[in-house]
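Here are some worked exercises to try with the structure open beside you. Have a go at each task before reading its solution.

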Amino acid sequence: MGVGRALMLALAFLAVASLPAAFALLFCYDEILDRVVCGWSEWRDRRREKRTIARLDRAVEADALTRDIDLSEFDSTDRRPLEQLAADLRRLGGQRVGGTGRSMVWHSALLQAYDDRLRLACRALGITEHLAELEGVDQEIERVRVEGVLHAAGLALPAARAGLRQRHR
């Protein structure tokens with residue numbers, strides 16, 4: 001009888017100890033059930049998306065499209081970050097637009113530095129430009145075109161904004 005009584009006592013302690021958990025389950029069963037159902041549906045959606053992406057990769061042959069791209073060029077240490085190029089372009093562009101009263105040597109050096117940064121930004125974003133090949137008015141037109149293309153790509157430049165007019169000399 002001693003073993004039965006000890007077992008009964010242990011079960012009673014277990015019942016009292018698990019009483020708060022039983023009340024929590026009773027009052028929060030809808031929340032727990034909702035979390036389980038949402039987790040299940042998210043898992044199912046992720047699985048479905050993975051299968052769809054795998055099917056699209058096989059249909060488009062994505063490996064064949066990216067096989068010829070050299071990704072080591074993007075990791076080179078001499079390549080400047082795009083954020084730094086954008087800051088340089090904004091700084092040089094602001095000086096270019098508002099740089100009246102300076103010497104012609106200073107202005108030509110500023111334009112050269114600005115064009116160099118435009119070329120680097122175009123190379124980083126895969127945009128074609130012809131700034132080095134042109135001179136005079138043609139180079140100015142190409143500079144405005146490149147500024148517009150970079151602005152359309154998300155690089156905000158002072159001269160490319162619609163509300164800002166450039167001063168002509």
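**Exercise 1. The overall fold**

Task: Find how many helices and strands the protein chain has, and describe how the chain is covered and connected.

Solution. Please keep in mind that this is a predicted model.
- Step 1: Go through the secondary structure; the protein chain has six helices and zero strands. Read along the sequence, the pattern is therefore α-α-α-α-α-α.
- Step 2: Turn to burial. Of the 169 residues of the protein chain, 18% count as buried.
- Step 3: Look at the surface. The protein chain exposes about 13200 Å², and 61% of that comes from carbon and sulfur atoms.
- Step 4: Check the contacts. Taking those between residues at least 6 apart in sequence, 57% join residues at least 24 apart.

**Exercise 2. Two helices, α1 and α5**

Task: Work out how far helix α1 reaches, how far helix α5 reaches, and which residues of α5 are buried.

Solution.
- Step 1: Start with α1, residues 2-17. Its 16 residues reach 22 Å from the first C-alpha to the last, close to the 22 Å expected at 1.5 Å a residue.
- Step 2: Ask about its cover. Helix α1 is hardly covered, with a count of zero buried residues among its 16.
- Step 3: Move on to α5, residues 104-125. This helix has 22 residues and spans 31 Å between its first and last C-alpha, close to the expected 32 Å.
- Step 4: List the buried residues of α5: His107, Leu110, Leu111, Tyr114, Asp115, Leu118, Arg119, Ala121 and Cys122. Several spacings in such a list make sense because an α-helix has 3.6 residues a turn, so residues three or four places apart point the same way.
- Step 5: Find what covers them. The cover includes α4 (82-98) and α6 (136-152).
- Step 6: Look just past the end of α5, where Gly126 takes a positive phi of about 75 degrees.

**Exercise 3. Asp88 and its partners**

Task: Is Asp88 buried or exposed, and which residues are linked with it in a network of salt bridges?

Solution.
- Step 1: Locate Asp88 in helix α4.
- Step 2: Judge its burial. Asp88 has 10% relative accessibility, and the cut-off for buried is under 20%, so Asp88 counts as buried.
- Step 3: Leave out residues up to four places away in sequence; Asp88 then touches Arg80 and Arg117.
- Step 4: Look along α4. The side chains of Asp88 and Arg91 meet in a salt bridge of 3.5 Å, N to O. Both residues lie in helix α4, three residues apart, about one turn of the helix. Arg91 is partly exposed, with a relative accessible area of 43%.
- Step 5: Look across to α5. Arg117 forms a salt bridge with Asp88, and the closest N and O atoms are 3.3 Å apart. Since Arg117 lies in helix α5 and Asp88 in helix α4, this pair ties together parts that are 29 residues apart in sequence.
- Step 6: Put the pieces together: Asp88, Arg91 and Arg117 are linked in a network of salt bridges.

**Exercise 4. Polar side chains between α5 and α6**

Task: Which residue forms a salt bridge with Asp115, and which side chain does a polar contact join to that of Glu147?

Solution.
- Step 1: Recall that side chains of opposite charge can pair when their charged atoms come close.
- Step 2: Apply this to Asp115. Arg143 forms a salt bridge with Asp115, with the closest N and O atoms 2.7 Å apart.
- Step 3: Place the two partners. Arg143 lies in helix α6 and Asp115 in helix α5, so the pair ties together parts that are 28 residues apart in sequence.
- Step 4: Check their burial. Arg143 is buried at a relative accessible area of 3%, and Asp115 also counts as buried, at 2%.
- Step 5: Now take Glu147, which sits in helix α6 and counts as buried at 2% relative accessibility. A polar contact of 2.5 Å joins its side chain to that of Tyr114, one of the buried residues of α5.

**Exercise 5. A nonpolar patch**

Task: Which residues make the nonpolar surface patch of about 450 Å²?

Solution.
- Step 1: Pick out the members, which are Leu19, Phe23, Leu26 and Phe27.
- Step 2: Take Leu19 as an example. Leu19 is found in helix α2, residues 19-60.
- Step 3: Test its exposure. Leu19 has a relative accessible area of 42%, so it is partly exposed, and patch residues need over 30%.

Methods: Residues numbered from 1 in each chain as written. Predicted model: local features only at pLDDT ≥ 70, side-chain atom pairs only at ≥ 80, totals over all residues. Heavy atoms only, no water. Helix = DSSP H or I, 4+ residues; strand = E, 2+ residues; numbered from the N terminus. Expected span 1.5 Å × (residues − 1). Buried < 20%, exposed > 50% of the residue type's maximum accessible area, 1.4 Å probe, protein only. Contact = heavy atoms within 4.5 Å. Patch = residues over 30% accessible without salt bridge, like charges linked within 9 Å, V, L, I, M, F, W, Y side chains within 5 Å. Areas by Shrake-Rupley, 256 points an atom, 1.4 Å probe, with all protein chains shown as cover. Salt bridge = Lys/Arg side-chain N within 4 Å of Asp/Glu carboxyl O. Polar contact = N/O pair within 3.5 Å; in protein donor to acceptor, adjacent residues only side chain to side chain.
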